[in-house]
Amino acid sequence: MKLQEIKKTLLFLLVFLVLLTAVYPAVVTLIGRVAFSSQASGSLITASGQTIGSELIGQPFSAPGYFWPRPSATGSTPYDSTASGGSNFGPTNPALLDEVNGAAQTLRDSGVSGDLPMDLVTSSGSGLDPDISLESALVQAPRVAAARNLPESRVEALINDHLQSRTLGFLGTERVNVLQLNLALDKL
């Protein structure tokens, strides 16, 4: 009687082991590849047949003719997805204040004036955020327009063309993907 119960238990364990470690992941992966092909592949952005980035991971830009992303908190290599994570600095930590002041000074030195939006001088929780707020894009528009010899109104229109609304209409804020905006600038 006990041997019979042990056999049933082991069979049950084996069936569920196969179901949960092989069948279920294979079915979910297949559904993802078919129904959400782009997202399952990493939301990659291509130009001229070459992959140049992802919609989900920020990239460093520092030339005056480009919009700049949020600062990265991934260490010595900006936007390194293998080193994702925030700085975990508290609001009174001198290191955080130094980073914020440094980012603000870099923006000021590049010609950005006016109030600086918080997301332009602080990193995101992951340190990889590919988006900036509408305000962060607009405050950079004069610098980008001057560097590219474009009317500021044309750059602002491009920003508005790439504005993404709040998730589900109420989560987060309006945002602009920096890589997509910079690629659109290059196409002008």
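Which strands does α5 lie across, and at what angle to β3 does α5 run? In this predicted model, where local features need pLDDT of at least 70, side-chain atom pairs count only at pLDDT 80 or more, and totals for chains, interfaces and linings use all residues, α5 lies across β3, β4 and β5 and runs at about 80° to β3. Axes here are lines fitted to C-alpha atoms, for helices over the stretch in contact, and angles run from 0 to 180 degrees between N-to-C directions. Residues are numbered from 1 along each chain as its sequence is written, and side-chain values use heavy atoms, with hydrogens and water left out.

The three strands under discussion form an open sheet in the order β3-β5-β4, with antiparallel pairing. Two strands count as paired if DSSP finds at least two bridges between them; strands (E, at least two residues) and helices (H or I, at least four) are DSSP runs, numbered from the N terminus. β3 (131-133) and β4 are the edge strands, each pairing on one side only. Between β4 and β5 there are two bridges in the antiparallel sense, and L163 has V176 of β5 as its bridge partner. Helix α7 also lies across β3, β4 and β5, at about 60° to β5.

Helix α6 (residues 152-161) can be read side by side with this sheet. Its buried residues (under 20% relative accessible area with a 1.4 Å probe, protein chains only) are V155, L158 and I159. These residues sit on the same side of α6 because they cover an arc of only 105° around the axis, the arc being that of the directions from the helix axis to the C-beta atoms. S153 and D161, on the other side of α6, are exposed, that is, over 50%. The buried residues of α6 pack against α5 (134-148), β4 (163-164), β5 (175-177) and α7 (178-187), with contact meaning heavy atoms within 4.5 Å.

Elsewhere in the chain, β1 (residues 44-47) and β2 (residues 50-54) pair in the antiparallel sense over four bridges. One of the partnerships joins I45 to G53 in β2. Two residues lie between the strands of this hairpin, and S48 takes a positive phi near 55°.

Finally, there is the largest pocket, with about 240 Å³ of space. A pocket is an open set of points on a 1 Å grid over the protein atoms alone, with protein on both sides within 12 Å along at least five of seven lines, and lining residues have an atom within 4 Å of a point. Of the 14 lining residues, F61, W68, P69, R70 and P71 are the closest to the centre. Helix α3 (residues 94-109) gives the largest share of the lining, three residues.

Terms used. On a 1 Å grid over the protein atoms alone, a cavity is a set of points where a 1.4 Å probe fits but cannot get out, and a pocket is an open set with protein on both sides within 12 Å along at least five of seven lines; lining residues have an atom within 4 Å of a point. Grid points are joined across faces, edges and corners, and a volume is the space filled by probe spheres set on the points.
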